[in-house]
Each structure stands twice: as structure tokens, then as C-alpha cells.
Amino acid sequence: MAKGGGERGALLPVSADDGKGNGGGGAGEDAALFKGSAMTRRGAVAALSYMACSVLLVMFNKAALSSYNFPCANVITLLQMVCSTCLLYVLRRLKIISFTNSDPSVPSDSLFFVPFRILLRTTPLSLAYLLYMLASMESVRGVNIPMYTTLRRTTVVFTMTMEYFLAKQKHTPPIIGSVALIVFGAFVAGARDLSFDARGYAIVFVANITTAVYLATINRIGKSSGLNSFGLMWCNGLVCGPSVLFLTYIQGDLKRAMEFPYLQSPGFQAVLLFSCILAFLLNYTIFWNTILNSALTQSMCGNLKDFFTVGIGWVLFGGLPFDLLNVIGQGLGFLGSGLYAYCKIKGK
């Protein structure tokens with residue numbers, strides 16, 4: 001029976017160790033993209049999965065907050081956390097997934113499924129996640145999609161800084177050059193829009209800082225806690241869920257949400273449902289990609305997927321007229337992202 005549970009627990013990739021020691025199939029999945037590549041096939045799948053989930057989630061969040069004018073971003077964050085935690089509980093109770101890399105036997109009546117000391121150890125990660133979620137959700141509201149993605153590209157600078165201070169990780173000149181090109185492109189793209197919404201821009205930069213802290217914390221705590229992606233998501237939900245619930249209650253967001261005129265609208269409910277599903281998948285792929293690759297690679301994947309986010313957001317939501325300077329800045333940002341991807345794949 002134990003063997004069967006372990007096999008089922010390995011159905012989904014959840015850590016950097018998955019696929020190792022499982023015979024030829026595991027070795028094949030963990031092979032490099034091609035000879036000399038610094039990125040494995042599983043790392044590439046994790047990166048692409050994250051980018052797809054991220055693009056779709058931004059669109060559904062933007063639809064809820066802007067198209068429907070839903071006034072309570074924190075309520076959406078709370079719904080996403082509750083749905084994610086409930087789904088993880090059901091999957092773990094049914095033994096479809098595991099919360100640990102080594103899959104130790106945990107009593108079935110355990111309340112947390114993970115040792116309490118591990119839960120305390122992941123508290124800094126959970127707090128970083130809470131700040132990241134709240135800031136990221138609010139940042140979508142005040143800025144149009146093209147400029148939102150442009151400003152979010154500067155996250156890589158904060159991520160490199162956090163990696164250096166937390167993990168003493170240094171980067172090669174080509175990597176630093178690609179990051180500098182991305183930041184320069186962001187300023188070029190926003191040169192004629194910097195006076196558009198100062199508060200919105202400020203919130204986006206706060207979101208950038210919290211994102212960098214969160215990714216660096218994943219890389220530092222995630223690999224040493226013994227938990228896999230699902231386990232880290234579970235601890236985040238246990239710690240952050242009550243905090244967000246308390247926050248939404250004292251701010252009156254729950255009451256405003258119940259009085260929202262489109263609450264019973266099937267379209268609005270569908271947007272919320274897909275937002276919750278995609279938030280679960282996004283959190284999973286963030287952990288998976290960051291642990292398999294690195295925090296900086298995770299940030300750069302966020303830049304690469306912006307090509308699709310900008311295009312779709314421009315078509316669906318508008319908000320920014322065509323401007324040659326903006327297009328040039330966007331192009332420089334994508335060029336820098338592509339340069340980083342090339343250096344990473346080639347192992348430079």
C-alpha cells in the first residue's frame with residue numbers, strides 16, 4: 001500500500017528532485033534541452049507553464065477589477081487562498097499528492113499534514129507571500145495592462161539584489177547586461193506615461209519589491225524545508241488565510257463584496273472561478289520554476305510572457321494609445337529577456 005501511495009504522490013512534478021532515481025524515464029525528463037544547455041527539459045516545461053498561467057491570471061484579474069469594477073481586490077485574494085487551501089486538503093487527504101519531498105508517513109488525523117516546526121520555519125515565506133499577493137492584486141487596478149507589464153519588468157533588478165544579499169549569488173556580465181537592457185526599455189516605454197497615475201506606479205513598484213523578496217525567500221527556504229511545491233503552498237494558505245480574512249473584515253471589504261451589483265452575474269462568477277483556478281496553478285508553477293531553475297529565471301520568465309500579456313491586454317482592455325517610443329521600449333525589454341534566455345539555455 002505504501003508503494004502505491006508513493007507512486008500516486010509522484011504523478012505531478014513538485015520539486016527539483018522529481019524524476020531522479022526513477023529509472024530511465026526520470027533521467028530522460030531531467031536531461032538538458034540540448035548538449036551544453038544549463039536548463040533541463042523539466043525546467044523549460046516549468047517555465048512555460050508559469051508563463052501561460054501568469055498571462056491568463058492577469059487577464060481574469062483585470063476583468064474582475066476593471067471591466068466589472070469590483071471594488072475589493074483583497075476579497076479576490078482571499079477567495080484564491082481559500083480555494084487553493086481547500087483543494088490541497090482534498091488532494092492530500094485522498095493521497096493524490098504529498099507535501100514533502102521524501103514523502104514520510106504522516107498520521108491521517110494530523111491537522112496540518114506537516115510538522116508544526118516546519119510550519120513555523122516557513123512563516124517568513126508565508127509573510128512574504130502575503131505581501132506579494134496583496135500588492136500584486138492591487139497593482140493591476142491602477143495601471144493599464146501594457147504599462148503594468150512594462151513596470152513589472154523592473155522586478156529583475158530587485159530580484160538580483162535580494163539573491164545577492166540572501167544567497168550571495170553573483171551573475172555574469174551578459175546576465176547583468178540583459179537586465180540593464182530590460183530596465184532601460186521599461187523607462188523608455190514609460191517616458192510619456194510617467195505622469196499618468198503616480199499612485200498606480202508606486203503600487204506597482206511596491207509589488208516589484210515584494211515579488212523579489214518572495215522569490216528569493218522561495219529559493220532560500222523552499223529547498224531547505226523538506227517541503228515540495230504543494231507543501232509550501234499549503235503552509236502559505238494556513239498562515240496567510242486567517243490574516244487576509246481579518247484584513248478584509250476590518251476594512252469592510254466583505255460587506256461591500258456581498259453588496260456588489262454583479263455578484264449574481266454568471267459572467268462575473270465565471271471570471272472569479274477561473275481566477276481562483278489560475279491562482280492555484282500559478283502558485284504551483286512559481287514554486288516549481290523557482291526551485292528547478294532560480295529566482296532570477298522566474299523573474300525573467302515573467303518578462304518573456306509579457307509579450308503575450310501586452311498584446312492581449314492592449315486588444316481587450318486598451319488604456320494606452322499607440323506610441324512609437326512605447327513600442328521601442330517594449331522591444332528593448334523583450335530583447336533583454338531574450339538575451340537572458342539565450343545565456344541561460346546556452347549555459348553562459
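Start with the whole protein chain in cartoon view: you'll find 16 helices and zero strands. Both kinds of element are DSSP runs numbered from the N terminus, with helices being H or I over at least four residues and strands being E over at least two. What you have open is a predicted model, where local features need pLDDT of at least 70, side-chain atom pairs count only at pLDDT 80 or more, and totals for chains, interfaces and linings use all residues. Residues are numbered from 1 along each chain as its sequence is written, and side-chain values use heavy atoms, with hydrogens and water left out.

**Whole chain, surface on**

Of the 348 residues, 51% are buried. Buried here means under 20% relative accessible area, exposed means over 50%, and partly exposed is in between (1.4 Å probe, protein chains only). The chain exposes about 15,900 Å², and carbon and sulfur atoms supply 69% of that; areas come from the Shrake-Rupley method with a 1.4 Å probe, and for residues only the protein chains shown count as cover.

**Select 72–91, then 230–250**

Both stretches are among those that an unreviewed UniProt entry lists as "transmembrane region". UniProt positions follow the numbering used here, feature names are shortened, and annotations may be inferred rather than shown by experiment. Residues 72–91 are 95% helix and 0% strand, with end C-alpha atoms 29 Å apart. Residues 230–250 are 100% helix, and their end C-alpha atoms are 30 Å apart.

**Select Asn69**

Go to the loop between α3 (41–67) and α4 (73–93), where Asn69 lies. Asn69 isn't a glycine, yet its phi is positive, about 55 degrees. Buried or exposed? Asn69 is exposed, with a relative accessible area of 56%.

**Select 89–96**

Move on to the loop between α4 and α5 (116–121), and you'll meet Lys95. Lys95 also has a positive phi, near 60 degrees, and is partly exposed at 48% relative accessibility. Leu94 sits in the loop between α4 and α5 too. Together with Tyr89, Val90 and Ile96, Leu94 forms a nonpolar surface patch of about 330 Å² accessible area. Patch members have over 30% relative accessible area and no salt bridge; nonpolar side chains (Val, Leu, Ile, Met, Phe, Trp, Tyr) are joined within 5 Å, like charges within 9 Å. A salt bridge is a side-chain nitrogen of Lys or Arg within 4 Å of a carboxyl oxygen of Asp or Glu.

**Last stop: Cys276**

How many disulfides does the whole structure hold? Zero, counting pairs of cysteine sulfur atoms within 2.5 Å. For Cys276, the nearest cysteine sulfur is that of Cys83, 3.9 Å away. Cys276 is buried, at 8% relative accessible area.
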